Structures are given as C-alpha cells and as structure tokens.
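Me: I'm new to this one, so could you take me slowly through its enclosed empty spaces and whatever sits around them? Here it is.

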Amino acid sequence: MAASDSGTDESLYPIAVLIDELKNEDVQLRLNSIKKLSTIALALGVERTRSELIPFLTDTIYDEDEVLLALAEQLGNFINLVGGGEYAHCLLPPLESLATVEETVVRDKAVASLRAVAAHHTPQALEQYFVPLVQRLAGGDWFTSRASACGLFSVCYTRVSAAVKAELRQHFRSLCQDDTPMVRRAAAYKLGEFARVVEVEYVKSDLIPMFVHLAQDEQDSVRLLAAEACAAVAALLPPEDMEQLVMPTVRARAGDTSWRVRYMVADKFVELQQAVGPELARTDLAQIFQALLKDTEAEVRAAAAGKVKDFCMNLDKAHQEHIIMTMILPQIKDLVCDPNQHVKSALASVIMGLSPIVGRHNTIEYLLPLFLLQLKDECPEVRLNIISNLECVNEVIGIQQLVQSLLPAIVELAEDTKWRVRLAIIEHMPLLAGQLGQEFFDEKLTGLCMSWLIDHVYAIREAATLNLKKLVEQYGAQWAETNVIPKVMAMSREQNYLHRMTYLFCINVLSEVCGKDITTRVLLPTVLSMADDNVANVRFNVAKTLQKMAPFLDPAVIQPQVKPVLEKLNVDPDVDVKYFASEAIAGIAG
C-alpha cells in the first residue's frame, strides 16, 4: 500500500513542481518553468497532459507578457505530447484565451500556434472544435479577440463543408466592417491570404466588395494594408475582371491623400505588375509608376526608384524600350538630382541594371551621363551603389567609358570619414580588379589597397588583409611577389606595433595563396625575425602565424627553422606568448 502511495506521489511530482514555480514571484523562474513544459508533459504522459496539465494552464493564464508569449509558443509544438492529431483539439482552450490578451505579440504567437494546430485537425474536428473557436473569437466583445480571429479563417476554410464556408465568409465580412480600426486593419492584412483559399466566384461576390470598402476606409493604416492586398487579389482574377474590379482601387490608392498608402503601392508595385499582366501594365501601370516616381514625398519616390529596374525588366518586350525611353527615363533624369539622398541612393542601387535592358546605344547616349553624374554625387552611398553594380554596365559597354570618373570616386570613398563606407569600397576591390585589368590596377589602386592596412579602424585593417588575398587569387603569386609582398614586408619594421601585427595578419592569408616557394623563401624569414619583438602581442601572433603557415611551408624548414623559434617562445616570460607557442608546437606536431 505504502509502495503504491509513494508511486502516486512520485507521479504527481512534476505537476506539483510546476505549480510551485508558476506561483513564484520571480518572473524569470516562471518563464523557465514554461520553457520546460515539454519535459513536464513527457514525464506526465499524454493522458495526464490532456486531463491535468492543459486544464491547469488554461486556468492560470494571468501572467507577465513574456511568460504568456513563451506559453503560446510552447503550445504550438504540443501535438505529440497530447497524443497526436486525434487530440489536437485539447490545445484549443488555452490558445483561445491567449488569443484574446491585450499584448499584440502574445496574440500573434497564439494565432501562429493555433494555425499550426489547425493543420492536425481532421475536417470533422475542424467543424466540431476549430470553427466554433473562430466564431467565438470573431464575435468576442473585445477587439483583441476579433483581431486574432482574422488570421484563422484561411487555415480552416478549404477543409469544411459548403454551409460552414458560407458562415465563415459572413463572419469575415462582418470583421471587415467592424467599428474598431484595429480589427479592420487585421482583416485588411489577412484579406489577400483568405482570398487565395476562397473560390473565385465568392472572391468576386463577397471579398472584392470588402476589399473596395477597406481600400476606402477613413483610416490610412487600414487603406495601406488594403493596398498591400491589391496584388494578391489581382492574381486570383481572370484578366477580363481585372480592369473593372481591381484597377479603380489601384488608381485611387496610388493617388491617396496619405503618403503611407502611396508608399505601400510603390513598395508592392512589381508584384502588382506581375499580377495584372503585361497589357494592363502597359496601358495603366506605366502611368501610375511615372506618377509615383515624381511623388511629392521623398519616401514614396525612394520606394518607386528602388523598383525601376524590376518594373522595366517585367514590361512586355514589344513595348519595353518605348515605355522606358519615353516615360521612365525622363523621371530618372530628375531623380538623379533629387534633393533627398535616400531617393538618389535607392536609384543608384538599381539604375545600372537598366543597361542590359536598353542596350549599348541607349546606355552610352542616355544612361552614361547619369552614371557619371552619380559618381560625382556628394552622398557617399550614391557613389558606392554605382560602384557596387559596375558589372551590369561592364557587360554592355565595357568599363573604359567610366574609368576617368570612376577613379576619383573610388579614391574619395576610400578616404571617407565614415569607416563603414571605407569598408564597403574595400569589399568591392576584387570585383574592380577583375574589371579594370592588372595594369590599370597596379598604376592607380594598389597604393590605395596598401594604405588601408594602416587604417586606424581594426575592421578596415582586417578587411584590407582579406582583400589582398583575393587580389593575389586573381592576379597570381608572381604579381604578389613583385607588387604586394615588398610593401607588406616594410610594415614588419614599423615603429607602431599595430602595423607589425597587421603584417603578421597579412602573412596568415598570403601564405595560403602565394605557394610553397614564396612562403618559405620570402615570407618565413621575416616572421622568424619578429620572434624577438619587444611587444608580447606581436610575439604571440608570431606563434599563431607560424602555426597557420606550417601547412604551406616546405617541410624541410620546419625542424631546423620553425621549431627552435617556437621552443624559444615556449619559455617566454609572458604567459600568453607561452600559451600560443605551446598551441603552435602541438598543432604542427599533430
């Protein structure tokens, strides 16, 4: 008897511990116990999880938001712990409560978990348990539950009977007309997703009127989400219905009084273009796009400018060049001199991509003057974006046309006061090296690459060493021996110990690409001589460098030259030097 009592006590232990921890005043302790729920459920077994743990959690949903967030996330992964899909409905009560709380992040996570759980329901279980939950949330007194309901229609709609589908459409229609803007916003956000699973005839009869209604909402936050749904709705309709059902809304929202709505139209423009097809894109969208490119708000112009290349690329090939040259190019000319730097920067990141579309002649005559103008722009991001996309132009007209303007722009960016700008131009050097050719690079840019090695910002020095490696990979070891290594080796004699360390970092990467002969004959002697440096940081970097160089050295020099130096460093008075020397000895021996 006593034995069976102790067995019962033991089986109650996990839930007793959880109850204690969930009542603890310390939020972190409560959070940790929620994160261990799956372990507790495993200890309890599926039956007790369903009959004890889930009801307990449902009754105790009054806590800090972060605890509720963790609970909502955990419950989404609980299907196997309650016995599989057959018992998935057991998880609905706690998730339903979480979907009604005030904190948006918790509600969103609860909705995500409910969507995951819905997939495990059979059609019968959906109608018996899940659809009533959606209907309760949709008819809830608080806007929070109604907003959460909007995200659940699409996951159950396809697998229920026609009568239930009609009820769901009716509920969604009510939510689209809700008195609370937050609910209408949630409905507008989920409209496109719901439309994808609804039959086309009902999209036309039920959802399009709702879409038009939301797109004319008094709140711009609702209208902009309806504008976002335009592409999704358009993609579902046959071409003959597009002009009548979607295009009036697109035109109205592209000219909306709120710049946020116009911004959303510009941001989703390429998806919209693909949804409506080439004919409407040519007759209607090109004019709308033209208007967005000269919008009064900089944010709208920047969003539209960033879509120029993709919009032009997707145009009908028969009319592509005509539309670009007559409608888009005049706007681009204005945007190149736009007073707002974000607009110019957005345009600079895509304008080079027009070259392959308009061809060699048009690029030289119309686009090249704009590229040259942007290479002289006062904003470093604009110049950088042009340089980043040079390969597009190189394929069409070659780079020589740009060289005269390119060089001053590169030099200016290389010396920019913002280190991130300097870093970005370093990352483009290998690309430029391939396009400009070795002779031009040696004459104009090698000195620049070397100057970065002594930059006062470590990230720049590090990027500069990797840049050298990529250049050697491109131009070969012989070029490195003649043009790079002598300049790098001069750094080993610099007064500033940081420069001597940068020299060692360079050797680490150069030894990988210069080949055994140059590494052993040229690089190794200088590294060995630096083992006597008076700065400990330099000495332990010598040990690290020797370890990294070892696989690329002639094996004949390891014992007579490398080992004695490492043995000497292994008895160095500095503890770090000794540590790295012993690591290097072990590494080379291994």
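Reply: Let's start with the largest cavity, whose lining is made up of Ala227, Glu228, Cys230, Ala231, Val250, Arg253, Val265, Lys268 and Leu272. Before going further, you should know this is a predicted model, where local features need pLDDT of at least 70 and side-chain atom pairs count only at pLDDT 80 or more, while totals for chains, interfaces and linings use all residues. Residues are numbered from 1 along each chain as its sequence is written, and side-chain values use heavy atoms, with hydrogens and water left out.

What do "cavity", "pocket" and "lining" mean here? On a 1 Å grid over the protein atoms alone, a cavity is a set of points where a 1.4 Å probe fits but cannot get out; a pocket is an open set with protein on both sides within 12 Å along at least five of seven lines; and lining residues have an atom within 4 Å of a point. Points are joined across faces, edges and corners, and a volume is the space filled by probe spheres set on them.

Back to that cavity: the space in it comes to about 50 Å³. H14 provides the largest share of its lining, four residues, and helix H16 (247-254) is, like H14, a supplier of at least two. (Helices, H or I with at least four residues, and strands, E with at least two, are DSSP runs numbered from the N terminus.) Sorted by class, the lining has six nonpolar, no polar and three charged residues. Here Ala, Val, Leu, Ile, Met, Phe, Trp, Tyr, Cys and Pro count as nonpolar, Asp, Glu, Lys and Arg as charged, and the others, Gly among them, as polar.

Searching the whole structure turns up two cavities of 30 Å³ or more. The second largest has a volume of about 30 Å³, and around it sit Ile324, Met325, Leu329, Leu354, Val358, Tyr366 and Leu367. H22 and helix H24 (355-375) are the elements giving two or more residues to that lining. Its classes read seven nonpolar, no polar and no charged.

H14 is worth following a bit further. Helix H14 (220-236) also joins H12 in supplying at least two residues each to the lining of the second largest pocket. That pocket holds about 200 Å³ of space. It is lined by 13 residues, with Tyr189, Arg196, Glu228, Ala229 and Ala232 closest to its centre. So Glu228 turns up both here and in the lining of the largest cavity. H12 gives the most to this pocket's lining, six residues, and the classes split into six nonpolar, one polar and six charged.H14 matters for the nonpolar core too: among the 216 residues of the largest one, Phe78, Leu285, Val308, Ile351, Ile387 and Trp452 touch the most other members, and H14 gives the most to this core, with 10 residues. A nonpolar core is a set of buried Ala, Val, Leu, Ile, Met, Phe, Trp, Tyr and Cys residues joined through side-chain atoms within 4.5 Å, and buried means under 20% relative accessible area, with exposed over 50% and partly exposed in between (1.4 Å probe, protein chains only).
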